[in-house]
Amino acid sequence: MRRLRLIAVSLCFISFFAFDALARSISFGIPLPLTGTNAKFGEIEKKSYEIAENEINAKGGIKGMKVVLEFEDSQGKPEISRSIVERLIDVKKQPVIFGEYSSSSSKAIAAVAEERKVPYLVVTGATDDITQQNYKYVFRMNPTNAFYATGFMSFLDKIVKPKSIAILYESSDFGTSGAEDMVKQAQKAGMKVLVREQYEKGAVDFKPILSKVKAANPDVIYMVSYVMDAALLMRQIKELRIESKLYAGGAAGFAIPEFIDNAKDASEYVVTATLWSPQVSYPGAKEFAKKYKKLYQDYPSYHGAEAYSALYIIKNVLERARSWKSADIRAAFKATDMMTAFGPIKFVDKLGYTNQNFMDTLVMQVIKGNHETIWPAKYASAKYIYPIPKWKDRK
Amino acid sequence: MAQLELFLQTLISGFLLGGLYALIALGMALIMGVMRIINLAHGDIMMMAMYIAFWLFTLFGIDPYVSVFIAAPALFLFGMGVQKYLLTPVMKVESILPHNQVILTVGLAMVLSNLATVLFTGNYRSTPVNYASNAWYLTDIWKGSPIELSLSMPWTLSFVIAIVITIALWLFLSKTDIGKSIRATSQDPDAALILGVNVNRMRMLTFGIGCALVACAGCLFIPIYYLYPSLGKQFTNVGFVITVIGGMGSTNGAVIGGLILGIFESMTATYIGMGWAPVGRFAIFVAALVFLPGGVASIIRRRKLGK
């Protein structure tokens, strides 16, 4: 018994010294959906965190400490995310929490973080109410759902100045909610909604509703579709020579390269709202996109850019914090005003949101067969083309 | 004027769509007429043909319209094989359920679409041909035209080829010996057997031709549409509805039924709303069953008897 105690004591010492020797590193547990239906996005984020981890460590880590990331699989289930974070806070005493993909998991974590008074950085969850609950310790870097189209609306307001709009959308949750948002925004901006039509996903022939759109002659045609329908719609718009001032897509199907591959020349000049794009001129964005593509043969989605930038925000905050006590880290979060590959980050309280980052969302336009960021002008990779040529005059 | 333009453009769309629908239904009606079964794997066989056209285009750059000559014979053989090794043996088995063969086609549909998912993944595919959005315009031909109508090149091309195939089938069925034997089998299999028609061979041929027809439809569809493994169901539905409107098993009825459905769907989309198109399709299906149980074919027949 006595020997046992001796061993235990010496073990304690050893571990104490061992800990001391490793004090030059800091580890973060990151909850992410690595299995289950959201695994694809979890995977993109994991890869992006790892790129940031390597970059930061190559430049001396955080306050001279090596960053070690440990990914914890939440399977996309809020209750698992919650228990992961409880362990990180209670057992590992992690000073700050960040990560997760879905809104529901982020919401579960936010509740725990607020209760334990540990700062939590929401990276991708976009549901509005996460930062509407007056949580003091929850910060969100990504724009909320309600602000996805702000960039697009400002482009309309400043450049196109449309008086009327036609909205076509897929008859799914995604399509219906996107269309409803746009109806509200359009009315607020003083546009008349001339046509508002839904279609069943998988439709072959859009010409009947497009003929109707043509007869109504709107200034803007706004479509909420997945990629194949997006391509068919633009092809048939070209076919019918519907001359609108602007053809616009609500992200999703319009924002990915497959849209251009399938719609070919009919995709030219089409604009779409997006959160981030690989060629936006934020410092480090292109470099990150290239590095990611080199490693994984594909460009990252905006989720990747969010995750990549999140680690830089954490580094920035921890380096500025007076101590790593919750209150000091929180104060450092509040004072954040930095630029990342995902865009400018500043946590403010306004419009009923607390600690929310408000940023301009981007607008992309297809120019010469490539997506280019055109709005806001200060982040543009190319000058927007407006007014767009009529179908008849295109070669 | 705008209203007239809208109406005419809708009519054109409906007509073109209807012609393609008719080709899908034609094979199904033929099979139904001869074998007395509904082939519920029809759309999935079309999906197979579309994958053939897709890969030929992607790997060798072969135009989807040329693939008709490759996909149709390939699926003709496939169809004959299905009839010989799957459907004929099942026909002989005594069972409580009367329609074992129909159930077999359902199974076949599932196998095909799942196989396509495993082999080619669930991704959406398409053959982005250069002429995909080319069209002819009324104002280009007639400068002073008060209204503007357009005629899509690939749609028109597909429509014309569909018409040619339909006429070829009609000639085959009415002028050749084999065609006549097929019709004899369709009208009365027992009598045909007594009169020396090899009924089993005719059934094999019919299933083969039915598959080849829908293979043509697949190749004509892919330049204007896209492709994914579970696309079959949608077109099986279309084929089934048209077969019922046309009068079960009547090929003439199927052509007219196809045009009716195409125009009806386009009109629904323009004047009621595109979200209603599937509802409209179902409504016309039920209406046909209730008010015109023999389909369009029964009207044609009545006319003939009346003469």
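**View 1. Helix H6 of chain A, end to end.** Helix H6 of chain A spans residues 173-188, and its 16 residues reach 23 Å from first C-alpha to last, close to the 22 Å expected at 1.5 Å a residue. Keep in mind throughout that this is a predicted model. The buried residues of H6(A) are A:Gly175, A:Gly178, A:Ala179, A:Met182 and A:Ala186. They cover an arc of only 100° around the axis, so they sit on the same side of H6(A). An α-helix has 3.6 residues a turn, so residues three or four places apart point the same way. Flip to the face of H6(A) turned away from that buried side and you meet the exposed residues A:Asp173, A:Lys184, A:Gln187 and A:Lys188.

**View 2. What lies over H6(A), and what comes after the helix.** The cover on the buried residues of H6(A) includes three strands of chain A: E6 (164-170), E7 and E8 (220-224). After H6(A) comes A:Gly190, with a positive phi near 80°.

**View 3. The two domains of chain A.** Chain A is split into domain 1 (26-144 + 283-357) and domain 2 (150-274 + 361-393). Their C-alpha centres lie 32 Å apart. The C-alpha atoms of chain A as a whole fill a box of roughly 95 × 40 × 35 Å along the principal axes. Inside that box, chain A has 12 helices and 16 strands. Of the 395 residues in chain A, 48% are buried. Take the contacts in chain A between residues at least 6 apart in sequence, and 65% of them join residues at least 24 apart.

**View 4. Where chain A meets chain B.** Here 26 residues of chain A are in contact with 28 residues of chain B. On the chain A side, strand E7 (192-199) and helices H7 (207-216), H8 (227-240) and H9 (257-263) each supply at least two of the touching residues. Sorted by class, that side of chain A has 10 nonpolar, 5 polar and 11 charged residues.

**View 5. The largest nonpolar core.** This core has 199 residues, and those touching the most other members are A:Tyr120, B:Leu23, B:Ala49, B:Ala215 and B:Cys216. Helix H1 of chain B (residues 2-35) gives the most to the core, with 17 residues. Both domain 1 and domain 2 of chain A pitch in too, with at least three residues from each. In soluble globular proteins, nonpolar side chains tend to be buried together.

**View 6. Helix H9 of chain B and the neighbours of B:Ala215.** Helix H9 of chain B (residues 199-221) has 23 residues and reaches 33 Å from its first C-alpha to its last, close to the 33 Å expected at 1.5 Å a residue. Because 19 of the 23 residues of H9(B) are buried, this helix is largely enclosed by the rest of the structure. Zoom in on B:Ala215: leaving aside neighbours within four places in sequence, B:Ala215 is in contact with B:Ile45, B:Ala49, B:Ala71, B:Ala72 and B:Leu75.

**View 7. B:Thr236 and its surroundings.** Look for B:Thr236 in helix H10 of chain B, residues 232-246. B:Thr236 has 26 other C-beta atoms within 10 Å, so it counts as buried. Not counting residues up to four places away in sequence, B:Thr236 touches B:Leu40, B:His42 and B:Gly43. For a sense of scale, B:Thr236 and B:Lys84 are 152 residues apart in sequence and 22 Å apart in space, C-alpha to C-alpha.

Note on methods:
Residues numbered from 1 in each chain as written. Chains lettered and ligands numbered in written order. Predicted model: local features only at pLDDT ≥ 70, side-chain atom pairs only at ≥ 80, totals over all residues. Helix = DSSP H or I, 4+ residues; strand = E, 2+ residues; numbered from the N terminus. Buried ≥ 20, exposed ≤ 12 C-beta atoms within 10 Å, placed from the backbone. Contact = placed C-beta atoms within 7 Å. Nonpolar A, V, L, I, M, F, W, Y, C, P; charged D, E, K, R; others polar. Expected span 1.5 Å × (residues − 1). Core = buried A, V, L, I, M, F, W, Y, C linked by C-beta atoms within 7 Å. Domains from an automatic or database assignment. Arc of directions from axis to C-beta.
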